[in-house]
Amino acid sequence: MDIARRNNVTVTGNPQGPTVVLAHGFGCDQNMWRLTVPALARDHRVVLFDYVGSGGSDLTAFTEDRYGSLDGYARDVVEVCEALDLRDAVFVGHSVSAMIGVMAAEAAPERIGALVMVAPSPRYIDDEGYRGGFSAADIDELLESLEANYLGWSAAMAPVIMGNPERPELGEELTNSFCATDPDMARIFARATFLSDSRDDLKKVAVPTLVLECDQDVIAPREVGGFVHRAIPGSHLVTLRATGHCPHLSAPEATNEAILDFLAGLR
């Protein structure tokens, strides 16, 4: 299988530099990293891709059997890394991709040497002694609304997820990204995302890890960032002066600075 075509792989930046892999979140694609790529490209080889079912990926490769759980998306990551023969790459994952990166690093430790987790959440549903930000009923309602009217759900939810109501163009961009995703594939990815529980996986992380959280994030509140940080031995937590769940779009300078500082410390 042509992995580059299947996952719409793009390689840019400095071919002699350390490799950074940028992975998008639910309802998004690699274009969401366009404000981060220039900051990395001078000194790093930058790899971008779309998960199967998103962006410019090969939609014919999508099956519910594979992509009905986060394992399938982690396999995408590993197979992209294998196709490019990456070694000790830094995996930067936004939202659910942060957990997908954890799974990929465990599956292929020789391929991924460090993790940057942007607005991560290992579990969205509250549990005893754990605040994920949503009740089980909240998530049921969210998924039912998404499945009943995906375009309507996208138009209502994307601005809430993005935050920054004084900058409506950001919410509109996320709405358009959501709406460009096939509704049936989005439904499957949404269930895999919002019903997941990856808390136990965090304890297995054995690579340098940066956790980036936002001041205010309705999807991943600060309690979640703190939980992730405490669960991963030796991780570094940075709280960005940013609102919303997509700081690489709403606060790119702060996000890029934190990532570059982390990358500099790996040398």
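**Salt bridges and buried side chains**

Let me begin with Asp197, which is partly exposed at a relative accessible area of 38%, where partly exposed means between the buried class (under 20%) and the exposed class (over 50%), using a 1.4 Å probe and the protein chains only. Its partner is Arg199, and the two form a salt bridge whose closest N and O atoms are 2.8 Å apart; the term asks for a side-chain nitrogen of Lys or Arg within 4 Å of a carboxyl oxygen of Asp or Glu. Arg199, in contrast to Asp197, counts as buried, because its relative accessible area is 16%.

Please keep in mind that this is a predicted model, in which local features need pLDDT of at least 70 and side-chain atom pairs count only at pLDDT 80 or more, while totals for chains, interfaces and linings use all residues. Residues are numbered from 1 along each chain as its sequence is written, and side-chain values use heavy atoms, with hydrogens and water left out.

How many salt bridges does a search of the whole structure find? The search finds 19, and one of them joins the side chains of Asp58 and Arg5, at 3.4 Å from N to O. This pair links distant parts of the chain, 53 residues apart, with Asp58 in the loop between strand E3 (45-48) and H3 and Arg5 in helix H1 (residues 3-6); helices (H or I, at least four residues) and strands (E, at least two) are DSSP runs numbered from the N terminus. Asp58 is classed as buried because its relative accessibility is 15%, whereas Arg5, at 54%, is classed as exposed.

A further salt bridge brings together the side chains of Asp85 and Arg111, at 2.9 Å from N to O. Here too distant parts of the chain are linked, since Asp85 sits in the loop between helix H4 (70-83) and strand E4 (89-94), and Arg111 in the loop between helix H5 (96-107) and strand E5 (112-118), 26 residues away. Which of these two partners is buried, and which partly exposed? Arg111 is the buried one, at 10% relative accessibility, and Asp85 is partly exposed, with a relative accessible area of 46%.

Now back to Arg199, which is buried at 16%, before I turn to a larger grouping. Salt bridges that share partners join Arg6, Arg66, Asp76 and Glu79 into one network. Within that network, Arg66 lies in helix H3 (residues 64-67), and is buried at a relative accessible area of 15%. Apart from neighbours within four places in sequence, Arg66 is in contact (heavy atoms within 4.5 Å) with Arg6, Gly72, Arg75, Asp76 and Glu79.

Two other buried residues complete the picture. His248, placed in helix H12 (residues 247-250), is buried, with a relative accessible area of 2%. What surrounds His248, if we leave aside its neighbours within four places in sequence? The residues in contact with His248 are Met32, Trp33, Leu35, Thr36, His94 and Thr255.

The other is Ile259, found in helix H13 (residues 252-266), which counts as buried because its relative accessibility is 1%. Not counting residues up to four places away in sequence, Ile259 touches Leu40, Val92, Val116, Leu210 and Leu212. As for Val96, it is 163 residues from Ile259 in sequence, and the two are 18 Å apart in space, C-alpha to C-alpha.
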